[in-house]
Amino acid sequence: MTPPSTGLVTSPITETTIEAKSSGCGGCSSSATGEMDEKLQQRIAKHPCYSEEAHHHYARLHVAVAPACNIQCNYCNRKYDCANESRPGVVSELLTPEEAAHKVLVIAGKIPQLTVLGIAGPGDPLANPERTFRTFELVAEKAPDIKLCLSTNGLMLPEYIDRIKQLNIDHVTITINMVDPEIGAKIYPWVHYKRKRYRGIEGVRILHEKQMEGLQALKEADILCKVNSVMIPGINDEHLVEVNKVIRSHGAFLHNIMPLISAPEHGTHFGLTGQRGPTPKELKAVQDSCAGNMKMMRHCRQCRADAVGLLGEDRSQEFTKDKFMAMAPEYDLAQRQEVHAGIEKFREELKAAKQAVEMLHITSPQNAPKILVAVATKGGGLVNQHFGHAKEFQVYEVDGKEVRFIGHRKIDHYCQGGYGETATLENIIAAIADCKAVFVAKIGDCPKEKLHAAGIQTVETYDMIDKAALEYYQQYVQETVS
């Protein structure tokens, strides 16, 4: 089973069947048929944000054409020329719609696994409707196989549903952090609506009303909707369960609960006032508490507004304006279709291999505990990366029968040529401290010893993640329970 030669990384988890019980913007309900499930699967199959599996195979591109915003969030600071920051609202340069369309055609040739064009800022796309829709028009005309996607705070969404539908924008993300304006007043200082600025709870009520109206309108228009919620400890963390229930009732397809990014150097209100973000354990607990109601997104990387490439990588600096404007567009539909066919063949092989692993009769004692393991992987469903080369670890929950992806932990490179490696290793150990083991293709003796001293076992292997994790779990249970 060899990955197609496109530089792709592939997923260790195949996409589960869309839950028929989860009513989504796509019209799925408790009486949904298998045919409807298949149609939904086709709509998300190549979207790296809407499909956990697809995000290891297919790439996305964000173009920064929307600088203005109509609300103020206490966790946001729209910054420019920040090449080393990776978070929403950050870009290195703004583009005109014509420049953005040229960039899309260039990158679609350079990265044929690109399937999605998103507009996510650095402000709000619907606070910049002319620039946003003109960009989509230009791309749709020249590259019809690329999915169009936008992210919005929802304030102006009800006014543009018809235009979104007309342009065949099939995926819309709304950031909804509250359904109680009293809580929202702690997140949003002001809202600018219909040429008037509303402060405090008055503005938040308007925002909430328009978000709910827009969410319902997307469902009626058969447009898939993902809801992003920023988890802010002490403010909306306990409230997110209620948010989850409400957005599901209004037709959301997918819920992405992501951690607050808060540091003084970001210049945000929360960063400057010391508001902390959640720990991985706190984030997982809230995600788990909402998982029974609807499908949860756990692979989000909280991308920049000019992100390029696969989720988990940022190639934006390869395609700055001075570089891509000097390149001739290389968009070739036939070539792209050939690459995608190779990807789909590999996905089928991966699916068959995973099913074979699930047939393994690995036993464990009754009521054996669930454990977390961290994996260094370049994709392909394999443990195939050196410990020192990892930029992140994928974290899985194992119970002896199932290996379930629950998230990722970003870390600094350990191998830095001898500079700062001790401090970096301490940070890595802290990032995966709740994991019983870390799976790597190779690791040096020094980090291995320090991981073991911290209670984290190291497993050196080159194998399928599911198989390696289940075999380790059986060994772990035998040693700790027997």
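Me: Why is Q275 called buried in this predicted model?
Reply: Buried means under 20% relative accessible area. Q275 has 16%, so the residue counts as buried. You can find Q275 in the loop between α8 (269-273) and α9 (280-290).

Me: What makes the link between the side chain of Q275 and the backbone oxygen of P233 a polar contact?
Reply: The cut-off for such a pair of N or O atoms is within 3.5 Å. Here the side chain of Q275 reaches the backbone oxygen of P233 at 2.9 Å, so the distance fits. Beyond its neighbours within four places in sequence, Q275 also has contacts that include I232, L260 and F270.

Me: How do you know that E98 and R134 form a salt bridge?
Reply: A side-chain nitrogen of Lys or Arg must lie within 4 Å of a carboxyl oxygen of Asp or Glu. For E98 and R134 the N to O distance is 3.9 Å, so the pair qualifies. This pair links distant parts of the chain, with E98 in helix α2 and R134 in helix α3, 36 residues apart.

Me: Why is E98 called partly exposed?
Reply: Partly exposed lies between the 20% and 50% limits. E98 has a relative accessible area of 47%, so that is the right label.

Me: What makes R347 buried but E344 partly exposed?
Reply: Look at the 20% limit again. R347 is at 7%, so this residue is buried. E344 is at 27%, so this one is partly exposed. Their side chains meet in a salt bridge (3.0 Å, N to O), and both residues lie in helix α11, about one turn of the helix apart.

How values were computed
Residues are numbered from 1 along each chain as its sequence is written. This is a predicted model: local features need pLDDT of at least 70, side-chain atom pairs count only at pLDDT 80 or more; totals for chains, interfaces and linings use all residues. Side-chain values use heavy atoms; hydrogens and water are left out. Helices (H or I, at least four residues) and strands (E, at least two) are DSSP runs, numbered from the N terminus. Buried means under 20% relative accessible area, exposed over 50%, partly exposed in between (1.4 Å probe, protein chains only). A polar contact is a pair of N or O atoms within 3.5 Å; within protein, one must be able to donate a hydrogen and the other to accept it, and residues adjacent in sequence count only if both atoms are side-chain atoms. Contact means heavy atoms within 4.5 Å.
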